[in-house]
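Let's walk through this protein together, one question at a time. Have the viewer open and rotate along as we go.

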Amino acid sequence: MSGGALIVCPTPIGNLADVTLRVLEQLRQSDAAACEDTRHSRKLLVRHGIDLPLLPLHEHNERAQAPALVARIERGERICLLTDAGTPAVSDPGSRLIAAAIAAGVEVVVLPGPSAVTAAVVASGMAGGGFTFAGFLPRGAGAIGALLDRLDAAAVPVVAFESPRRLPATLALLAARDPDRGVAVCRELTKVHEQIERGTAAALAARFREAPRGEVTLVLAAAAESAASMPNASLLAELAAAVGARRAAALAAALTGAPRNAIYAELTKGR
């Protein structure tokens with residue numbers, strides 16, 4: 001394949017089998033790959049029998065390395081851009097290189113691929129009406145609160161990445177802000193120990209008092225949904241006793257607008 005280009009290649013978020021055929025094809029046809037962590041990327045290439053020079057490109061050297069990489073592309077080389085997981089430049093290095101390539105007028109090809117964002121929002125049960133992606137949550141209660149004040153005005157679910165170490169404090173903050181807000185904690189997506197916990201902010205804050213291991217993606221119900229609040233607990237329990245927890249959750253969600261999964265989680269809590 002002739003002509004220089006920067007190929008933005010999404011990589012698996014956990015399961016190495018999730019890489020796309022197009023990404024593998026481009027890796028086999030390229031001259032080099034710029035990687036967030038060459039050791040991590042080498043595992044993917046070895047798994048699929050690809051021998052390709054790997055160049056480090058991370059948050060500490062991207063500004064300095066971007067011009068040299070663009071110059072190589074201008075000379076006709078095809079350079080793949082890889083991060084450790086997911087699509088480069090979303091919440092990982094790569095945005096400076098992509099911007100430099102666009103400014104230089106060289107071809108930039110962005111391939112689709114695995115995403116923790118879309119996987120989490122679908123798994124949360126809150127997909128269907130759009131969502132807002134917040135990237136990594138800022139540090140500190142004040143900064144998180146200010147961010148949510150801005151994002152909640154859109155009245156759509158909010159998806160964000162969070163450090164497992166900070167997860168208990170963040171859930172406690174969300175519970176203090178709105179204990180009935182629907183939340184999904186998606187941990188280690190696509191991996192062996194994948195865990196998806198759904199419930200109210202208060203319930204999940206109690207469930208995650210200790211920091212878990214692994215990558216965490218949070219999904220928060222739309223502010224409008226949380227404003228509708230969870231149905232009255234005693235009435236909900238009576239309904240569940242009459243028709244069963246799943247049917248009760250579906251009926252209550254249709255009547256109140258609260259997330260069905262969050263209602264079901266409350267009904268089955270402690271079983």
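The questions below begin with the whole chain and then turn to single strands and residues.

Q: What does the secondary structure of the protein chain come to?
A: Before counting, keep in mind that this is a predicted model. Its C-alpha trace spans about 70 × 35 × 30 Å along the principal axes. The secondary structure of the protein chain comes to 12 helices and 10 strands.

Q: What share of the residues in the protein chain is buried?
A: Burial here means a relative accessible area under 20%. The chain has an accessible surface of about 13100 Å², with 52% of that belonging to carbon and sulfur atoms. Among the 271 residues, the buried share is 46%.

Q: How many positive and how many negative side chains does the protein chain have, and how far apart do the centres of the two sets lie?
A: The chain carries 28 positive and 26 negative side chains. Taking the centre of each set, the distance between the two is 3 Å.

Q: Which residues of strand 7 are buried on each of its faces?
A: In a regular strand, side chains alternate between the two faces of the sheet, so each face can be checked in turn. Strand 7 covers residues 158–162, and 5 of its 5 residues are buried. Both faces are covered, with Val158, Ala160 and Glu162 on one side, and on the other Val159 and Phe161.

Q: In which sense do strand 6 and strand 7 pair, parallel or antiparallel, and which residue of strand 7 is the bridge partner of Phe133?
A: Strand 6, residues 132–136, pairs with strand 7 over 3 bridges, and the sense is parallel. Within strand 7, the bridge partner of Phe133 is Val159.

Q: What is the hand of the β-α-β crossover from strand 6 to strand 7?
A: After strand 6, the chain passes through helix 6, residues 141–151, on the way to strand 7. This β-α-β crossover is right-handed.

Q: Which residue in strand 10 stands opposite Glu162?
A: Strand 7 is also joined to strand 10, residues 216–220, by 5 bridges, and these two strands run antiparallel. Opposite Glu162 in strand 10 stands Val216.

Q: Is Thr217 buried or exposed?
A: Thr217 lies in strand 10. Leaving aside neighbours within four places in sequence, its contacts include Val159, Ala160 and Phe161. Ala116 and Ala120 are also among its contacts. The cut-off for burial is under 20% relative accessible area, so Thr217, at 4%, counts as buried.

Q: How far apart in space are Val117 and Thr217, C-alpha to C-alpha?
A: Val117 lies in helix 5, residues 116–123, and is buried with a relative accessible area of 9%. Not counting residues up to four places away in sequence, Val117 touches Phe131, Phe133, Val159 and Phe161. In sequence Val117 and Thr217 are 100 residues apart, yet their C-alpha atoms are separated by 7.3 Å.

Q: What is the phi of Glu188?
A: Most residues other than glycine have a negative phi. Glu188 sits in the loop between strand 8 (182–187) and strand 9 (195–200), and is buried at 15% relative accessible area. Its phi is positive, near 55°.

Q: Is Thr190 buried or partly exposed?
A: Thr190 has its place in the loop between strand 8 and strand 9. Although not a glycine, Thr190 has a positive phi of about 70°. With a relative accessibility of 25%, Thr190 counts as partly exposed.

Methods:
Residues are numbered from 1 along each chain as its sequence is written. This is a predicted model: local features need pLDDT of at least 70, side-chain atom pairs count only at pLDDT 80 or more; totals for chains, interfaces and linings use all residues. Side-chain values use heavy atoms; hydrogens and water are left out. Helices (H or I, at least four residues) and strands (E, at least two) are DSSP runs, numbered from the N terminus. Buried means under 20% relative accessible area, exposed over 50%, partly exposed in between (1.4 Å probe, protein chains only). Accessible areas come from the Shrake-Rupley method with a 1.4 Å probe; for residues, only the protein chains shown count as cover. Lys and Arg count as positive and Asp and Glu as negative; His and the chain ends are not counted. The place of a charge is taken as NZ of Lys, CZ of Arg, CG of Asp or CD of Glu. Two strands pair if DSSP finds at least two bridges between them. A crossover is right-handed if, with the strands pointing away from the viewer, the path from the first strand over the helix to the second runs clockwise. Contact means heavy atoms within 4.5 Å.
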